[in-house]
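Please open the model in your viewer and keep the selection panel at hand. The stops below say what to select next and what is there.

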Amino acid sequence: MTLQALTKPWEPMSYGFLDGSAKREIRRKMIKAIAVPGCQMPYASREVPMARGWGTGGLQVSLTLVNPAMRVKVIDQGADDSVNAASIRRFIARVAGTPTTMNTLEADLIQSRHRIPEEVLREDQVLVLQVPNPEPLRPVQPNMSIARQMHADADYGRMWLQLYEQIVRSGRVMQGASYPSLVHGRHVMTPSPIPRWDVPKLHMAKHLTILSAGREKRIFAVPPFTRVEPLVFSDVPYKVEDHAELTCHRSGTRGYLMNEIPQDDGSSLFEVSDSEWGVKAIRRRDGEDVALGETWYKNGKMPS
Amino acid sequence: MTLTLDAPRIVTTHPLLQVRNVSKSYGSVKALRDVSALAYPGEVLGIVGESGSGKSTLLRMMNLEETPDTGSYTLDLPDVEGNLFDLDRFARRMLCATRIGIVYQNPHLGLLMKHSSSGNVAERLLVAGERSFATLRTKATAALDASEFPLDRLDAPPIELSGGMQQRVQLAKAIALEPALLLLDEPTTGLDVSVQALVLDTLKRLQQERRITMVIVSHDLGVIRTLADRVMVMRGGTVVEAGLADQIFQDPQHAYTQQLVHAKL
């Protein structure tokens, strides 16, 4: 047996940019995270050619999961065409040779910053959420050693205290994004800074969601068909953003999460936040034969 | 012989609290040496002694914040069995959260200073599993009212309150779940005399109305004399004298106790 037969020919970089041992570690941590839903698993977050805080955690998971047959979609705050989304999409395509798409229905792997698409995801799709602050207890317990003990003891009283304080001071729960949610009745997680509108989409979803924080070096997961329940008081129901009656001024779609665009005269226009959903609605309105998937929300309401 | 309702009394032969032969060292410093204590249901045990005598260490052990090198601790309560020092962290936390209340000398140890006062009380109810906002609000208000906290300041954070008010919030938090045992670590130290008297009145009233077993630690003999049915005098980590309050104050046996009582008088 020759040395040449035992070694691989020189390559400028590994497939999918990350080296084999990095991918192996991330895969193992993902399996652990899936086995204990909502529990944060530490990992040795590698350097990638992007600044920490710009989605390096999500990117490492995507690069670990990706294979040449996968179609990759990248979303940034609902938009497929923002600079960050375009850069990450192009980078993954370049280092892994994968086809890319903006169509949610066509995608196998969706990396997202702060949104879940409006179309229902399937069992064969994986959603990777970028997470800036993975620790939901950080606002109530700055000492991370104690926070880990609190997770171990399911000691989440102070999370409710935070909600109590918001109601006392403001008359309602003020938590807009990163709404703390109980996963599988055991661990409280932050579902990344997705809006409240998107949190119910994780509950008993068919798809696998992996959440990864590169700067904070933590991976956690919501496996398919897992309970994800926002923390609420028994007599103060969970409320999503009041967007059910708003209409997108470009696509005419109604009953989805909107971006507000302030106007010079003090009024506001609204634009559907999931840009690809809006594009598909416009193309369909213009007579193209475009497939629209089933949406989580029906007429602005999440079916119970 | 009949006893009036507010008279000190022992209604059972089984003590609620029993600490036996507890010793604790911190390096070469022996904080407690073979200390035993007991308190019967509904009575107030006062622990008095100079700074460094081990009284606060003993109180922290009763709150399961410390584990001794040797010794045992039992509480005669339903579902609470065996030596409590053998409990794991989770069981200790749940026992302290539901059955034992504590008021610290320093309110910063017992309160979240930037949360509302009602929120501080609600936290204790939340740990015990209460999840209705309306019930939390009602019970927190009732506990603060029982502690004679002014209800127009219900949602003021403790950091904006006076020392006396902060102690009342601590007290409300401690009694919110009707604990079987209330531990008080120098609850009036640092307060001016008039506020001290008000806090002591509140404690006395609560003890008479609810018959909570209390353990109060103080270096102030006046405070102990006002509240305690039974007194333990500590010095250098040991108990030098223990007995009924009247007996200790009227006929102190140990030279150190005599010195304390006479110095006070």
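Begin by colouring domain 1 of chain B and domain 2 of chain B separately: their C-alpha centres lie 23 Å apart. The bounds to select are 40-99 + 180-265 for domain 1 and 111-178 for domain 2, as given by an automatic or database domain assignment. Eleven residues from domain 1 of chain B and 13 residues from domain 2 of chain B make the contact, two residues being in contact if their C-beta atoms, placed from the backbone, lie within 7 Å. On the side of domain 1 of chain B that touches domain 2 of chain B, helix 2 and helix 7 (193-210) of chain B each supply at least two residues, and helix 7 of chain B gives the largest share, five residues. That side of domain 1 of chain B has eight nonpolar, three polar and no charged residues, where Ala, Val, Leu, Ile, Met, Phe, Trp, Tyr, Cys and Pro count as nonpolar, Asp, Glu, Lys and Arg as charged, and the others, Gly among them, as polar.

A word on conventions before the next selection. This is a predicted model, in which local features need pLDDT of at least 70 and side-chain atom pairs count only at pLDDT 80 or more, whereas totals for chains, interfaces and linings use all residues. Residues are numbered from 1 along each chain as its sequence is written, while chains are lettered from A and ligands numbered from 1 in the order in which they are written.

Next, select residues 117-127 of chain B, which form helix 4; helices (H or I, at least four residues) and strands (E, at least two) are DSSP runs, numbered from the N terminus. Is this helix of chain B largely enclosed, or open? Eleven of its eleven residues are buried, so helix 4 of chain B is largely enclosed by the rest of the structure. Here a residue is buried if 20 or more other C-beta atoms lie within 10 Å of its own, exposed if 12 or fewer, and partly exposed in between, with C-beta atoms placed from the backbone. The buried residues of helix 4 of chain B pack against helix 2 (89-98), helix 5 (133-146) and helix 6 (163-175) of chain B, together with helix 6 (157-170) of chain A. Just after helix 4 of chain B, Gly129(B) takes a positive phi of about 105°.

Keep helix 4 of chain B visible and add helix 6 of chain A: the two axes come within 9 Å and cross at roughly 145°. These axes are lines fitted to C-alpha atoms, for helices over the stretch in contact, and angles run from 0 to 180 degrees between N-to-C directions. Residues to show as sticks on helix 6 of chain A include Trp160(A), Leu161(A) and Tyr164(A), which belong to the set that meets helix 4 of chain B, where Ala122(B) and Leu126(B) are among the partners. The contact of the two helices has seven nonpolar, three polar and three charged residues.

Now turn to the nonpolar cores, each a set of buried Ala, Val, Leu, Ile, Met, Phe, Trp, Tyr and Cys residues joined through C-beta atoms within 7 Å. The largest nonpolar core has 83 residues, and Met62(B), Leu183(B) and Val231(B) are among those with the most contacts inside it. Helix 6 of chain B contributes the largest share of this core, six residues. Centre on Val231(B): leaving aside neighbours within four places in sequence, Val231(B) is in contact with residues including Val48(B), Ile224(B) and Ile248(B). Apart from this core lies another, of 47 residues, among them Ile26(A), Ile75(A), Ile116(A) and Leu208(A).

For chain A, colour domain 1 (20-230) and domain 2 (241-304). The centres of domain 1 of chain A and domain 2 of chain A, taken over C-alpha atoms, are separated by 24 Å. In this pair, 18 residues of domain 1 of chain A are in contact with 15 residues of domain 2 of chain A.

Two single residues close the tour. Leu257(A) lies in the loop between strand 9 (228-230) and strand 10 (258-262) of chain A and is buried, with 25 other C-beta atoms within 10 Å. Not counting residues up to four places away in sequence, Leu257(A) touches Pro195(A), Trp197(A), Glu241(A), His243(A) and Ser273(A). Finally, select Asn84(A) in helix 4 (residues 83-96) of chain A, which counts as partly exposed with 17 C-beta neighbours inside 10 Å. With the same sequence neighbours left out, up to four places away, Asn84(A) touches Trp54(A), Gly55(A), Asp76(A) and Arg113(A).
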